[in-house]
Amino acid sequence: MNSLSNHKASGSALTTLLGGIVILIAVLFFLVKLAGSNYYSTVEETTQSATETRIMPAGNITMGDGTPIGQRTGEQIFSKVCIQCHAADSSVPDAPKVTHNNEWAPRIAKGLDALFNNALNGFNAMPAKGGQADLTDDELKRAIAHMANQSGGSLVAPEVNADASGAEDTAVASPVTEADGQKVFESICMACHAADSAIPLSPKITHNDEWAPRIKQGKEVLFKHAIEGFNGPDGGVMPAKGGNLGLSDDEVKAAVTYMVNQSGGSI
Ligand code: HEC
Ligand code: HEC
């Protein structure tokens, strides 16, 4: 009887021990899982990017106001980038300070081109582009003129809008190209202007003889007729924007350009 109860007691001790081990393993398993979870790796990423942010070169900052690259004004750039060293009360040695006309006078005397070249490539303690690598040439000129013109100068830098029509700077608001013209042609104008279209009176693409008299009118007339619509002398009807009023004027012009240039013209 005694021995039986002893046996029972040691059996329950064993059960407790085993139970403890199972719980321990479960806890360990949970901890390992937690350590490998996304939650932790996200923290790690954030930490790394926070570190990169902390160690990034001075001036390498985002404008943060949504203005597309190429369209930023001299004032915007100055107040985010150049101000770090060129502020009126800056303590950076040698940097000409805005509104300190005496410091700017000898610089302004070099002319915008020389100042631009030095600001572009760096000049003694002046870092290339002030450290803001994504500035376009025109933006840099605007920032220089902005500073110089508050400091006794009257430099003329390219306007923001002049930028919008220049192809080189504008990754975002890129102008409508002849390739876009081909797309517009294929989706809309082709219905009536395809080389083998059966629509009467419409000049067909690649039929140079049909386009020649139209091209003679000049491209402005062609653009106008394509945008506003046009009734020909023999009753042919060119609907405004080919009937697709959702097209921008520039898209219609690009399509006209594409058709004309495929048909003996060069506009
Ligand atoms: C990290 C400091 C710093 C930043 C940021 C900075 N500059 Fe400068 N800049 C200088 C210093 C220093 C000089 C004077 C260099 C010298 O003459 O030795 C200078 C000089 C210039 C000059 C005169 C060059 C010449 O030929 O005399 C121009 C123009 C200029 N900076 C434009 C800019 C513009 C534009 C920005 C912003 C996009 C900018 N800088 C941002 C430090 C800076
Ligand atoms: C529904 C048929 C139709 C569609 C779609 C159409 N056109 Fe036309 N288009 C015509 C006809 C017909 C004429 C000839 C009118 C005439 O001179 O009698 C014409 C003429 C033109 C001319 C010559 C105008 C002139 O002054 O001689 C241009 C340019 C032109 N279309 C451009 C376009 C463009 C660009 C598109 C697409 C965005 C387009 N068309 C879509 C029917 C169409």
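How many residues surround ligand 1, and which are the closest?

## Around ligand 1

Let's take that site as the way into this predicted model. Ligand 1 is surrounded by 30 residues, and the closest are Cys82, Cys85, Asn124, Met126 and Gly130. Three elements give two or more residues to this shell: α3 (74-86), α5 and α6. Of these, α3 provides the largest share, with 6 residues.

If you think in terms of side-chain chemistry, the shell around ligand 1 has 18 nonpolar, 8 polar and 4 charged residues.

## How α3 meets α6

Two of the helices that line ligand 1 also pack on each other. The axes of α3 and α6 come within 9 Å and cross at roughly 70°, an angle that makes α3 roughly perpendicular to α6. The crossing is right-handed.

On the α3 side, the residues in this contact are Gly74, Glu75, Ile77, Phe78, Cys82 and His86; their partners in α6 are Glu139, Arg142, Ala143, Ala145, His146 and Met147. The contact of α3 with α6 is mixed in class, with 6 nonpolar, 3 polar and 3 charged residues. Cys82 is worth a second look here, as a member of the α3 contact with α6 and as one of the closest residues to ligand 1.

## How α5 meets α6

Helix α6 (residues 137-149) has another partner in helix α5 (residues 112-121): their axes come within 10 Å and cross at roughly 115°. This crossing is right-handed too. From α5 come Leu112, Leu115, Phe116, Ala119 and Leu120, and from α6 come Leu140, Lys141, Ile144 and Ala145.

Sorted by class, those residues are 8 nonpolar, no polar and 1 charged. You can find Ala145 on both lists for α6, in the contact with α5 and in the contact with α3.

## Lysine 97, after α3

Moving along the chain, lysine 97 sits in the loop between α3 and α4 (101-108). Is this residue buried, exposed or partly exposed? Lysine 97 has 19 C-beta neighbours inside 10 Å, so it counts as partly exposed; the buried class begins at 20.

Leaving aside residues up to four places away in sequence, lysine 97 touches His86, Ala87, Ala88, Ser90 and Glu103. Among these, His86 also belongs to the contact of α3 with α6. Lysine 97 and isoleucine 83 are 14 residues apart in sequence, with 8.8 Å between their C-alpha atoms.

## Around ligand 2

Now for the other ligand site. There are 29 residues around ligand 2, and those that come nearest are Cys189, Cys192, Gly232, Gly236 and Gly242. At least two residues of the shell come from each of α8 (178-193), α10, β2 (237-238) and α11. The most come from α8, which gives 6 residues.

By class, the shell around ligand 2 has 18 nonpolar, 8 polar and 3 charged residues.

## How α10 meets α11

Two of the elements that supply the ligand 2 shell pack together as well. Helix α10 (residues 219-228) and helix α11 (residues 249-261) have axes 9 Å apart and an angle of about 125°, and are therefore oblique to each other. Their crossing is right-handed.

Which residues make the contact between α10 and α11? They are Leu222, Phe223, Ala226 and Ile227 of α10, together with Asp249, Val252, Lys253, Val256 and Val260 of α11. By class, this contact has 7 nonpolar, no polar and 2 charged residues.

Technical notes: Residues are numbered from 1 along each chain as its sequence is written. Chains are lettered from A and ligands numbered from 1 in the order in which they are written. This is a predicted model: local features need pLDDT of at least 70, side-chain atom pairs count only at pLDDT 80 or more; totals for chains, interfaces and linings use all residues. Axes are lines fitted to C-alpha atoms, for helices over the stretch in contact, and angles run from 0 to 180 degrees between N-to-C directions. Helices (H or I, at least four residues) and strands (E, at least two) are DSSP runs, numbered from the N terminus. A crossing is left-handed if the near helix is turned anticlockwise from the far one by less than a right angle, and right-handed if clockwise. Two residues are in contact if their C-beta atoms, placed from the backbone, lie within 7 Å. Ala, Val, Leu, Ile, Met, Phe, Trp, Tyr, Cys and Pro count as nonpolar, Asp, Glu, Lys and Arg as charged, and the others, Gly among them, as polar. A residue is near a molecule or strand if its C-beta atom, placed from the backbone, lies within 6 Å of it. Angles under 35 degrees count as roughly parallel, over 145 as roughly antiparallel, 65 to 115 as roughly perpendicular and the rest as oblique. A residue is buried if 20 or more other C-beta atoms lie within 10 Å of its own, exposed if 12 or fewer, and partly exposed in between; C-beta atoms are placed from the backbone.
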